[in-house]
Amino acid sequence: MPKDRPELPPVEELLTAAVTAVGGVERPGQVKMAQAVRDAIESEEHLAVQAGTGTGKSLAYLVPAIRHAAGSGEAVVVSTATIALQRQLVDRDLPRLADALEGLLPHRPEFAILKGRRNYLCRHKMADGMPEDEDDQLFDPREVSATGRMVQRIQEWANETETGDRDEIVPGVSDQAWRQFSVTARECLGAQRCPSGADCFAELARERAGEADVVVTNHALLAIDAMEDFAVLPEHDVVVVDEAHELVDRVTSVVTGELSESTVSLAVRRAGRLIEQGVADRLQEAGEDLRALLAVAPPGRVDTLPRSLGMTLALVRDAAFACITALGPRNKDKDDPENAGLRKAAFTTLDDVHDTAQRMLDAFRPAGRGDEAGDDAEDSEGVANGGTNGGGTNPGAADARSEEVHRAEVVWLEEGRGRVPPTLRVAPLSVGGMLRDKLFGDRTVVLTSATLALGGSFDSLSRQWGLRAGEWTGLDVGSPFDHPRRGILYVATHLPQPGRDGLPEAYVDEIAELIEAAGGRTLGLFSSMRAAKAATEALRERLDVPLLCQGDDSTSQLVKQFAGDPATCLFGTLSLWQGVDVPGPSLTLVIIDRIPFPRPDDPLASARQRHVAATGGNGFMAVAATHAALLLAQGAGRLLRSMDDRGVVAVLDPRLATARYSGFLLNSLPPFWRTTDPAKVRDALRRLTAGS
Ligand code: SF4
């Protein structure tokens with residue numbers, strides 16, 4: 001890798017220029033982080049940096065990244081988990097940074113945003129060059145329906161847009177409407193063959209990215225670029241993964257396969273236009289068998305493969321293969337340009353159905369066995385819905401443990417909802433090996449977030465990323481906030497442990513007293529939507545302050561209302577745990593109802609937990625406690641968002657102070673002053689409210 005040119009100004013000088021230009025204050029943690037990122041790039045060693053809110057971490061990695069790009073001529077990729085951060089980087093941080101550094105570097109830093117192909121309008125599909133699937137056309141576009149109106153909006157917007165980027169459409173449109181005008185990377189004909197290739201929005205975005213010093217993307221596209229044989233991102237030797245605590249979940253989503261009556265029917269409809277009816281009918285029948293089977297199976301993890309399911313999966317796989325064969329050679333498209341789009345779409349869905357059915361069958365085969373598909377199926381007709389404590393009590397436990405050690409993937413059934421039929425899913429137990437080989441293998445990766453050190457150590461997350469000791473360094477640059485003086489962590493040890501039967505009455509009383517003391521100003525983070533709604537309902541009758549609940553309106557609208565009126569409270573669940581950034585007195589109290597362990601019936605978490613236990617580790621600590629620590633730290637992190645903020649994080653679940661794992665969880669939280677005394681906390685809240 002070419003090294004930075006000696007004539008480039010030092011990273012410290014560039015950072016000072018950048019911070020001055022944005023009107024900020026240089027902080028020791030920010031300088032330390034920028035130097036560490038520079039060192040990691042130069043030594044080609046992976047780096048994990050925990051940088052608390054207020055550090056100014058975007059500038060701390062963007063400055064050395066731009067410096068490297070200017071010196072080496074190679075792009076640096078910055079990956080984020082959320083659109084909000086992407087927007088912040090592209091609309092705010094990078095333009096200001098380019099202005100600030102322009103005179104100090106050989107050229108003005110260029111930047112670009114790049115998303116997956118399905119995020120851009122496909123001109124070829126728009127021009128009717130590709131089939132619309134009947135099932136996707138649930139409406140007449142002229143109909144005055146919500147989806148019909150969205151389709152009309154997309155069509156109007158398509159005449160004006162310069163980027164074709166879906167995120168430009170405000171308000172947003174549903175996936176169902178957007179699918180009418182977009183293709184996946186695998187469905188795309190390729191710019192060379194596509195009649196609209198020269199004007200393709202996705203291709204134009206790639207071109208712009210190819211010329212940029214910094215390319216902003218998301219974790220999903222980063223994962224696809226690393227895993228697939230073809231490159232979707234421009235050539236790069238350095239990646240910065242921001243919001244790195246989300247990396248494993250996002251990568252897992254990318255590699256999760258699904259199979260249902262709908263996916264099989266879509267493949268039948270696409271292939272049916274091009275092949276003999278009898279061959280397509282065979283796949284249709286296999287899909288109907290699958291539908292009948294899944295309709296009566298209990299949702300949850302599939303621990304052993306029932307014979308009937310094994311046989312049906314094998315039927316689906318073989319019927320899909322017959323359709324693929326009937327479609328003929330894949331390169332036939334050049335002789336048949338009219339049908340190129342149809343054939344590409346048919347191949348893509350058939351390949352998906354075939355490969356996913358095979359993958360599901362393989363998931364039940366211990367490593368090293370090459371039996372015919374379906375032979376591993378057991379005589380049991382039930383689809384087992386596993387709990388969290390795998391193995392150990394039944395006569396086949398030793399065998400089960402042995403299989404668990406070798407198992408690489410987990411299969412589960414998700415129940416149908418509305419028009420979505422019951423769906424089988426398959427995902428890897430771990431993406432660490434994949435990340436290690438594909439992402440960390442041939443580039444330098446800097447991972448950063450406000451939350452990486454769980455239980456005081458980076459080990460939990462580095463294991464999930466597949467990194468081994470000696471391959472990376474960890475750095476915690478701390479936080480500019482004075483946590484012990486500005487925040488209180490209150491654990492309500494006098495309350496009962498949370499049960500399975502909804503929110504205990506004592507919790508509702510406690511929440512009411514805390515909110516009264518705070519004069520509103522409360523963000524309620526609940527572990528389930530059911531609990532958030534129950535608390536809202538119970539407290540709306542008791543409290544004088546306005547109480548908003550997630551789902552009442554769009555989350556961004558609710559957060560706006562909450563931020564705009566200090567008396568208002570906002571209750572909700574997962575997206576609020578990580579997505580709320582409200583500095584100032586509107587957010588003085590964060591209430592967390594229970595430790596956010598994964599649900600016991602979460603198929604992936606429970607299978608991962610069982611797998612760790614079967615391989616001699618502590619499954620609970622490695623999976624459930626790690627998950628909870630990450631969310632708790634994110635939730636508690638909502639409290640202090642600026643140097644002037646003060647307040648209380650109240651955790652109602654007494655286990656945070658009393659359970660054997662509480663030390664690990666507490667060590668994952670910011671160093672607030674701690675108490676278990678409710679009277680002290682209410683006094684503190686009253687004083688804070690009076691003083692603001
Ligand atoms: S190149 Fe692909 S994405 Fe672009 S217009 Fe053609 S088919 Fe659509």
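Reader: In which helix is the place of serine 58?

Author: This is a predicted model, in which local features need pLDDT of at least 70 and side-chain atom pairs count only at pLDDT 80 or more, while totals for chains, interfaces and linings use all residues. Residues are numbered from 1 along each chain as its sequence is written, and side-chain values use heavy atoms, with hydrogens and water left out. Helices are DSSP runs of H or I with at least four residues, numbered from the N terminus. The run of residues 57-72 holds serine 58, and this run is helix 3.

Reader: Is serine 58 buried or exposed?

Author: Contact means heavy atoms within 4.5 Å; leaving aside neighbours within four places in sequence, serine 58 is in contact with Gln88, Leu89 and Asp93. Buried means under 20% relative accessible area, exposed over 50%, and partly exposed in between, with a 1.4 Å probe and protein chains only. Because its relative accessible area is 10%, serine 58 is buried.

Reader: How far apart are the end C-alpha atoms of helix 14?

Author: Helix 14 covers residues 340-362, and 17 of its 23 residues are buried, so it is largely enclosed by the rest of the structure. The expected span of a helix is 1.5 Å times one less than its number of residues, and for helix 14 this gives 33 Å. The model agrees with that expectation, as the end C-alpha atoms are separated by 32 Å.

Reader: How many disulfides does the rule count?

Author: A disulfide is a pair of cysteine sulfur atoms within 2.5 Å. Cysteine 188 is buried at 14% relative accessible area, and cysteine 549 is buried at 3%. By the distance rule, the number of disulfides is 0.

Reader: Which residue forms a salt bridge with arginine 38 at 3.3 Å?

Author: A salt bridge is a side-chain nitrogen of Lys or Arg within 4 Å of a carboxyl oxygen of Asp or Glu, and the structure holds 35 of them. Arginine 38, in helix 2 (residues 28-43), is buried at 19% relative accessible area. Its partner, 26 residues away in helix 1 (residues 11-21), is partly exposed at 28%. With the closest N and O atoms 3.3 Å apart, this partner is glutamate 12.

Reader: What distance separates the C-alpha atoms of arginine 686 and alanine 517?

Author: Arginine 686 lies in helix 27 (residues 678-691) and is partly exposed, at 43% relative accessibility. Although alanine 517 is 169 residues away along the chain, the C-alpha separation is 5.1 Å.

Note on methods
Helices (H or I, at least four residues) and strands (E, at least two) are DSSP runs, numbered from the N terminus.
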